[in-house]
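Me: I have a model open and would like to understand the words used to describe it. Could we go through them together?

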Amino acid sequence: MDLESTTCLVTGGSGFLGRAVCRLLESRGATVIVPRSRDHDLRRREVVERLLSELRPRVVIHLAAVVGGIGANRRNPATYFYDNAAMALHVLDESYRAGVAKFVGVGTICSYPKFTPVPFRESDLWNGYPEETNAPYGLAKKMMLVQAQAYRAQHQFPAIMLLPTNLYGPGDHFDLESGHVIPSLIRKFVEARRRGDPTVTVWGTGTPTREFLHVSDAAEAIVAATESYDDGEPMNVGSGDEISIRALAELLSDLCGYRGALVFDASRPDGQPRRCVDATRARERIGFRARIPLRDGLIETIRWFEENEGRR
Ligand SMILES: NC(=O)c1ccc[n+]([C@@H]2O[C@H](COP(=O)([O-])OP(=O)(O)OC[C@H]3O[C@@H](n4cnc5c(N)ncnc54)[C@H](OP(=O)(O)O)[C@@H]3O)[C@@H](O)[C@H]2O)c1
C-alpha cells in the first residue's frame with residue numbers, strides 16, 4: 001500500500017508511540033487524523049461509529065490504549081481490561097463497517113504466556129496464561145487478535161496485528177506512579193544525583209530480563225507493516241536484545257551520572273521472569289531490523305528527560 005495522499009486515522013496518535021508513528025506517516029505523504037479522547041471516547045460505540053462513518057479513512061492504525069507499568073496494572077486491572085477491550089472491539093468493527101482498506105492493530109508482548117520459551121515465537125502465543133500482574137491488559141489486547149482473525153476469515157477484512165516489545169525513548173511517561181521501568185529509573189537516578197541521595201531503590205530482585213525497543217524503531221515497523229504486511233498471523237516487533245533489570249539499572253545509573261548504591265527491593269513484584277521476542281517474521285516479511293542500539297537510545301532518552309522534565 002502506497003501511503004502518499006492516503007488518509008490514515010491513528011487512534012492514540014497523541015501518545016508516546018502514536019506521535020512517532022504520525023511523524024513517519026506524514027513523512028510518507030499520508031494525511032493523518034488523530035482523534036483525542038476528550039472529543040472522541042473510543043470506549044463508546046456510537047462515538048466510534050460516527051467517527052469512522054464521517055471520516056471514511058483508508059487506513060486505521062489502532063494505538064489508543066490505557067498503558068502503564070507493573071504498579072499501574074496492579075492498581076487498575078478492571079480499567080486495563082475494560083477500556084482496552086472496549087476500544088479495540090468498537091474500532092475494529094466500525095473500521096470493517098466503514099470499508100477501511102487496512103486495519104493495523106497494535107498489541108503487546110504482555111499477551112504472551114508467563115513461561116513462554118525465550119525468544120518468544122508467535123506460535124507460542126496461546127500456550128499458557130500471561131503473567132498475573134499484566135494479564136487483564138495482555139488478554140484484552142489479545143482479543144483484538146482473535147477479532148482481527150475472525151473478521152479476516154468471515155469478511156476478508158484486511159486486519160493485521162503487531163506485538164511490540166517494551167518501548168522506550170524521548171517523550172515517554174516519566175511519572176513514578178504509572179511509568180514503565182526505563183523512564184521510572186531515569187527519573188529516580190537523575191533526581192537522586194541532584195539531591196545527593198546515597199541509595200536508589202529498584203523494584204524487584206533485578207533478575208528478570210526484558211527486551212527494549214526504541215520508539216522510533218517501533219514506529220518504523222508499524223509503518224512498514226501498514227505498507228506491506230497483509231496476513232492474519234500476528235507479528236512480533238522487537239530488537240532481539242535481552243537484558244536483566246539489574247544490568248539495565250546499573251547501566252542507567254552510570255549513564256545518569258549517579259554515584260550512589262542500588263538497593264533491590266525484593267518485596268516488590270518482578271513481573272514476567274524473562275522477555276525477549278523472536279523477530280524473524282518481521283525481518284523476513286517486512287525487512288524490519290531495529291537500528292538504534294540500547295545504550296545510544298538511553299543516552300538520548302536521558303538527555304530528553306533532563307531538558308524537558310520541567311514541562312511534566
Ligand atoms: N509503551 C510501551 O512500552 C508499549 C509496548 C508495547 C505495546 N504498546 C502499545 O502501543 C500503543 C500506544 O502506547 P503508548 O505507550 O504510546 O500509550 P500512551 O502514550 O499512554 O498513549 C495512549 C493514547 O491512547 C489514547 N486513549 C486512551 N484512552 C482513550 C479513549 N478512551 N478514547 C480515545 N483515545 C484514548 C490517548 O489519547 P489522549 O491523549 O487524547 O487521551 C493517547 O493518545 C498501545 O496500544 C500499547 O498497548 C506500548
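Me: Which element gives the most to the shell around the ligand?

Reply: Helix α1 does, with 3 residues. Happily, the numbering is simple: residues count from 1 along each chain as its sequence is written. This is a predicted model, where local features need pLDDT of at least 70 and side-chain atom pairs count only at pLDDT 80 or more, while totals for chains, interfaces and linings use all residues.

Me: What makes a residue part of that shell?

Reply: Its C-beta atom, placed from the backbone, must lie within 6 Å of the molecule. Here 26 residues surround the ligand, and the closest are G12, G15, L17, S37 and A65. The elements giving two or more residues are α1 (16-27) and β6 (166-168); helices (H or I, at least four residues) and strands (E, at least two) are DSSP runs, numbered from the N terminus.

Me: Why is R194 called exposed?

Reply: A residue is exposed if 12 or fewer other C-beta atoms, placed from the backbone, lie within 10 Å of its own, partly exposed in between, and buried at 20 or more. R194 has 11, so R194 is exposed. R194 is found in helix α6 (residues 181-195).

Me: How do you know that β4 and β5 pair?

Reply: Pairing takes at least two DSSP bridges between two strands. Strands β4 (residues 102-106) and β5 (residues 159-164) are joined by 4 bridges, so by that definition they pair, and they run parallel. One of the partnerships links F103 to A159 in β5.
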